[in-house]
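User: I should like to work through this model by way of questions, beginning with its local backbone features and ending with its overall build. Please give the reasoning for each answer.

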Amino acid sequence: MRTAEQSTSAGGAEERPGCPKRMVFGPCGGVRDDGGCEVAPHPCVFLGSPLPRWTDPTPPAPPPVAGGLLDRAGTGPVVLTDLTVHPFDPASVRAVVAALAPVSDGLLVGEHQNRPDLPPTLMAQEVLAAGGRPWTTLACRDRNRVVLEQELAGLAAVGVDGVLCVTGDGRGPGVRAGVSSAFDLDGTRLAALAAAAGLTAAVPESPDAPPVPLRPQRVAEKERAGARLCVLNHVAGPARLAAFTAAARAAGATLPFLASVAVYTDERSARVLQAFPGLHLDDAAVERVLAAPDPVAAGIAAAVREARALLAVPGVVGVNLSGLASDGGPAAAAAVKAEVATMIREDA
Ligand code: SF4
C-alpha cells in the first residue's frame with residue numbers, strides 16, 4: 001500500500017472551485033436533471049467540458065478473488081445483491097446473509113447518508129462469518145483520508161471480495177444537523193487508493209445524470225485510476241444501457257459492467273428509488289406493478305424481466321439487485337430479492 005503522503009496525489013487534476021463535495025474528478029452522480037448541484041443552489045460546476053482526466057499511473061490490478069464475483073463473471077452472469085439490514089444489528093446481518101448468500105455471487109453493503117451502520121470492516125467480518133461474499137461500499141462523505149486508508153487496510157485484511165468506491169451523496173436537509181461532511185477524496189481517487197491497497201475496486205456511474213455526454217468518458221477515467229468493475233445506476237431500459245456501454249467502450253473503457261435492477265414491490269420501495277437523484281426508472285412499469293392484484297409477485301416478475309433484458313447488453317456481466325424491495329422490513333426484502341436472484345440464476 002502507498003504511504004499517506006504518496007496517496008495525496010490528485011491524479012493529475014485540481015479541485016474544482018465551487019463544488020460542495022470538493023471533488024477533483026467530478027461530476028458526482030447527484031447532478032439534478034436541470035443541471036443543478038445536488039447540494040447547493042447553483043449549477044453543477046462540472047457541467048461544461050473538459051472532464052478531468054486521470055493522468056497518474058494506473059495501479060496494477062489485483063487478480064480477481066478465486067470464487068469471487070469477478071472470477072465467476074468469467075463463466076456466466078453474476079448477481080450482486082444489496083444487503084438491507086437493521087442498523088447496528090449483527091443478528092439481522094446474519095439472517096439476511098443466510099437468505100441471500102446462497103443465491104448471490106456477492107452482497108453489496110451500502111453506505112447511507114441517513115442510516116449509519118457498523119464500521120465497514122466490522123460489517124464485512126459479520127458478512128464473511130455468516131457465509132457471504134462482501135462488496136463493501138466506502139463513501140468519502142463521512143471519513144477523512146486517514147480513516148479511508150484505515151478502512152481499506154482493514155477490508156484488505158479481512159478479505160472482502162471488492163470495494164465500491166463512491167464519493168457519496170450529500171447529507172439531506174435536516175439529517176443529523178451539525179454533523180460535518182469530510183469529502184477529502186472523491187470516488188475516483190478512492191478507487192486508486194483501493195487498488196493500491198490490493199483490493200478490487202468497483203465504481204458507480206449514473207448514465208442519465210447531467211452532463212450525460214461526458215458520463216461515458218468518466219468510466220474510462222475511473223478505470224485509469226484503478227477501477228476494475230463499474231456498477232451502473234438504473235436507466236430507463238436496455239436500449240439506453242446499450243448506448244451507454246457502447247459509448248464507454250468508444251471512450252476507452254474496457255472494464256465489465258453490472259446493471260442495476262430496480263427491486264420494488266410496494267409504494268414505498270418504488271417511490272424511494274424514483275426519488276433518488278440520478279436514477280431513471282421505467283415509470284410506466286412502476287405503476288403497472290403497484291396497480292397489480294398481487295404487487296409482490298408483479299414486482300418480482302418485473303425485476304426478473306428487467307434483469308434478463310439488461311444481461312443481453314454487450315459488456316454487461318451481471319446485475320445489481322438494488323432498492324428496498326419491500327416496506328416489510330429486512331427479512332421480507334431479503335425474501336423478495338432471494339426469489340429474484342434465484343430466478344435470474346436459473347436462466348444462467
Ligand atoms: S452536483 Fe455534485 S459534482 Fe456538481 S457541484 Fe454539486 S456536489 Fe459538486
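User: Is Phe88 buried or exposed?

Analyst: In this predicted model, Phe88 is placed in the loop between β1 and α2 (90–100). A residue is called exposed if 12 or fewer other C-beta atoms lie within 10 Å of its own. Phe88 has 11 C-beta neighbours inside 10 Å, and therefore counts as exposed.

User: What is the phi of Phe88?

Analyst: Most residues other than glycine have a negative phi. Phe88 is not a glycine, yet its phi is positive, at about 55°.

User: Is Ala325, which also has a positive phi, buried or exposed?

Analyst: Ala325 is not a glycine and has a phi of about 70°. The residue lies in the loop between β8 (316–322) and α11. Burial requires 20 or more other C-beta atoms within 10 Å. Because Ala325 has 31 C-beta neighbours inside 10 Å, it counts as buried.

User: Which residue does a cis peptide bond join to Gly26?

Analyst: Most peptide bonds are trans. The bond in question has an omega of about 0° and is cis. The partner of Gly26 belongs to the segment before α1, and this partner is Pro27.

User: What is the omega of the peptide bond from Pro210 to Pro211?

Analyst: Pro211 is located in the loop between β5 and α6. The peptide bond leading to Pro211 from Pro210 is cis, with omega near -5°.

User: Which residues come nearest to the ligand?

Analyst: There are 15 residues around the ligand. This shell comprises 11 nonpolar, 2 polar and 2 charged residues. Those that come nearest are Cys19, Gly26, Cys28, Cys37 and Cys44.

User: How many residues of strand β3 (residues 134–139) are buried?

Analyst: In a regular strand the side chains alternate between the two faces of the sheet. On one side of β3, Pro134, Thr136 and Leu138 are buried, and on the other Trp135, Thr137 and Ala139 are buried, which leaves both faces covered. The count of buried residues in β3 is 6 of 6.

User: Which residue of β3 stands opposite Leu108?

Analyst: β3 pairs with strand β2 (residues 106–109) in the parallel sense, over 3 bridges. In β2, Leu108 shares a buried face with Gly106, while Leu107 and Val109 are buried on the other side. The residue of β3 opposite Leu108 is Trp135.

User: Over how many bridges do β1 and β2 pair, and in what sense?

Analyst: Leu83 stands opposite Val109 in β2. Strand β1 (residues 78–83) is paired with β2 in the parallel sense, over 4 bridges.

User: Why is helix α5 (residues 187–196) described as largely enclosed by the rest of the structure?

Analyst: The buried residues of α5 are Gly187, Thr188, Arg189, Leu190, Ala191, Ala192, Leu193, Ala194 and Ala195. Their cover includes β3, α4 (145–158), β4 (162–166), β5 (201–205), α6 (215–225) and β6 (227–232). The helix is largely enclosed because the buried share of its residues is 9 of the 10.

User: Which residues touch the most other members of the largest nonpolar core?

Analyst: The core contains 102 residues. Ala202 touches, among others, Trp135, Val163, Leu164, Ala227 and Val231, leaving out residues up to four places away in sequence. The residues with the most contacts to other members are Cys165, Ala194 and Ala202.

User: How far apart are the C-alpha atoms of Val340 and Thr81?

Analyst: Val340 is part of helix α11 (residues 330–347). With 27 C-beta neighbours inside 10 Å, Val340 is buried. Along the chain Val340 and Thr81 are 259 residues apart, but their C-alpha atoms are separated by 9.9 Å.

User: How far apart in space are Leu70 and Gly36?

Analyst: Leu70 is a buried residue of helix α1 (residues 69–73). In sequence, Leu70 and Gly36 are 34 residues apart; from C-alpha to C-alpha the distance is 36 Å.

User: What is the radius of gyration of the protein?

Analyst: The protein has 11 helices and 8 strands. For 348 residues the globule rule gives 20 Å, and the protein comes close to this, so it is as compact as a globular protein of that length. Its radius of gyration is 19 Å.

Note on methods. Residues numbered from 1 in each chain as written. Predicted model: local features only at pLDDT ≥ 70, side-chain atom pairs only at ≥ 80, totals over all residues. Near = placed C-beta within 6 Å. Nonpolar A, V, L, I, M, F, W, Y, C, P; charged D, E, K, R; others polar. Core = buried A, V, L, I, M, F, W, Y, C linked by C-beta atoms within 7 Å. Contact = placed C-beta atoms within 7 Å. Helix = DSSP H or I, 4+ residues; strand = E, 2+ residues; numbered from the N terminus. Rg over C-alpha atoms; globule rule 2.2 N^0.38 Å. Pairing = 2+ DSSP bridges.
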